[in-house]
Amino acid sequence: MTPTAENPPPAADAPAGEAADPVLTLRAVSHAYARTPALREVSLTVHPGEVVAVTGPSGCGKSTLLHVAAGLLLPQAGSVRLLGQDLADLDEPARAVLRRRQVGIVLQYGQLVPDLSVEDNVALPLLLDGGELDAARTAARDALARVGLEQAGAATAQELSGGQAQRAAIARALITSPRVLFADEPTASLDAVAGADALDLLLSVARRDGGAVVLVTHDNTTAALADREVRLRDGSVERESVLR
Ligand SMILES: Nc1ncnc2c1ncn2[C@@H]1O[C@H](COP(=O)(O)OP(=O)(O)OP(=O)(O)O)[C@@H](O)[C@H]1O
């Protein structure tokens with residue numbers, strides 16, 4: 001049966017002994033926008049708990065890789081396996097359910113809902129999944145406390161500074177304790193100190209929860225915090241380096 005929103009794929013919880021199964025496998029993934037090639041036969045494997053930095057010059061395909069890996073974009077060739085599911089076998093609502101329950105995504109500008117309270121922004125992944133309002137808000141307050149924003153829950157998202165908004169976006173991405181966190185230049189809108197703080201937070205929480213992180217960055221200092229760096233050039237993997 002093809003998984004749908006009503007019949008979502010089973011949670012791909014690895015029983016003991018299968019912990020080393022990759023959380024993400026891209027095989028020979030290619031994608032082009034109209035005539036612009038963005039990815040050319042990219043293969044990549046990410047294991048549980050690993051932090052992988054995707055680097056490379058502007059336009060080399062980093063964001064496209066992240067969108068394809070998170071199932072936000074279906075590639076024209078190759079396959080993507082995320083948390084035990086071949087993404088081509090899922091329809092969009094089922095991919096959305098998989099993302100909401102087991103994946104966190106932080107984009108460059110946080111992308112909060114401006115008129116909604118900070119607390120409800122953070123609670124959103126639970127509420128969209130049918131979670132009970134009080135429980136979701138309690139979880140959101142806990143998540144906000146983890147990112148040092150416990151005082152800001154009642155404000156609307158549009159009242160936050162850039163750094164605070166990015167922290168709230170991190171809290172929202174982490175509220176479900178995702179098994180994989182995708183972050184696209186998560187510190188690009190922040191100054192150096194706020195950026196380093198936000199990154200520290202993202203990596204420490206992800207590492208504490210045992211989640212894998214795929215981090216797109218053009219910044220060498222940021223990339224150096226990862227376990228492994230995958231460098232793209234013109235849509236292809238130019239080199240992979242193990243950093244720790
Ligand atoms: N929606 C789109 N429509 C058309 N072309 C696109 C689109 N998105 C990306 N591209 C093109 O695809 C290629 C890869 O873009 P992508 O955004 O993945 O690179 P990137 O490495 O993330 O770049 P940057 O570091 O500047 O954000 C580029 O040539 C870009 O111009």
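This passage describes the overall fold, the strand pairing, a covered helix and the ligand surroundings of a predicted model.

The chain contains seven helices and ten strands. Its radius of gyration is 17 Å, close to the 18 Å that the globule rule gives for 244 residues, so the chain is as compact as a globular protein of that length. The C-alpha trace spans about 45 × 45 × 40 Å along its principal axes. Of the 244 residues, 46% count as buried. Among contacts between residues at least 6 apart in sequence, 69% join residues that are at least 24 apart.

Strands of a sheet pair through backbone hydrogen bonds, in either a parallel or an antiparallel sense. Both senses occur in this model, as the following pairings show. Four strands form an open sheet in the order 2-1-4-5, and their pairing is antiparallel. Strand 2 and strand 5 (residues 85-86) stand at the edges of this sheet; each has a single partner strand, so one side of each is left without a neighbour in the sheet. The partner of strand 2 (residues 36-46) is strand 1 (residues 24-33), and seven bridges join the two antiparallel strands. In one of the pairs, Ala-32 has Pro-37 of strand 2 as its bridge partner.

Strand 3 (residues 51-55) takes part in parallel pairing. Four bridges connect strand 3 to strand 8 (residues 212-216) in the parallel sense, with Val-51 opposite Val-213 of strand 8. Strand 3 also pairs with strand 9 (residues 228-233), again in the parallel sense and over four bridges; here Thr-55 stands opposite Arg-231 of strand 9. Strand 3 is mostly covered, with five of its five residues buried. Val-51, Ala-53 and Thr-55 point one way from the strand, while Val-52 and Val-54 point the other way, and all are buried.

The loop between strand 2 and strand 3 contains His-47. This residue has 16 C-beta neighbours inside 10 Å and therefore counts as partly exposed. His-47 is separated from Val-213 by 166 residues in sequence, yet the C-alpha atoms of the two are 9.4 Å apart in space. Val-213 is the residue of strand 8 that stands opposite Val-51.

Helix 3 (residues 118-128) is mostly covered, as eight of its eleven residues are buried. The buried residues are Val-118, Glu-119, Asp-120, Asn-121, Val-122, Ala-123, Pro-125 and Leu-126. Their cover includes three other helices, namely helix 2 (residues 92-102), helix 4 (residues 133-146) and helix 5 (residues 162-174). Just after helix 3, Gly-130 takes a positive phi of about 85°.

The ligand is surrounded by Tyr-33, Thr-36, Ala-38, Gly-56, Ser-58, Gly-59, Cys-60, Gly-61, Lys-62, Ser-63, Thr-64 and His-218. By class, this shell has three nonpolar, eight polar and one charged residues. Strand 2 and helix 1 (residues 62-69) each supply at least two residues of the shell. Helix 1 gives the largest share, three residues. Strand 2 thus belongs both to the surroundings of the ligand and to the edge of the open sheet.

Technical notes
Residues numbered from 1 in each chain as written. Predicted model: local features only at pLDDT ≥ 70, side-chain atom pairs only at ≥ 80, totals over all residues. Near = placed C-beta within 6 Å. Nonpolar A, V, L, I, M, F, W, Y, C, P; charged D, E, K, R; others polar. Buried ≥ 20, exposed ≤ 12 C-beta atoms within 10 Å, placed from the backbone. Contact = placed C-beta atoms within 7 Å. Pairing = 2+ DSSP bridges. Rg over C-alpha atoms; globule rule 2.2 N^0.38 Å.
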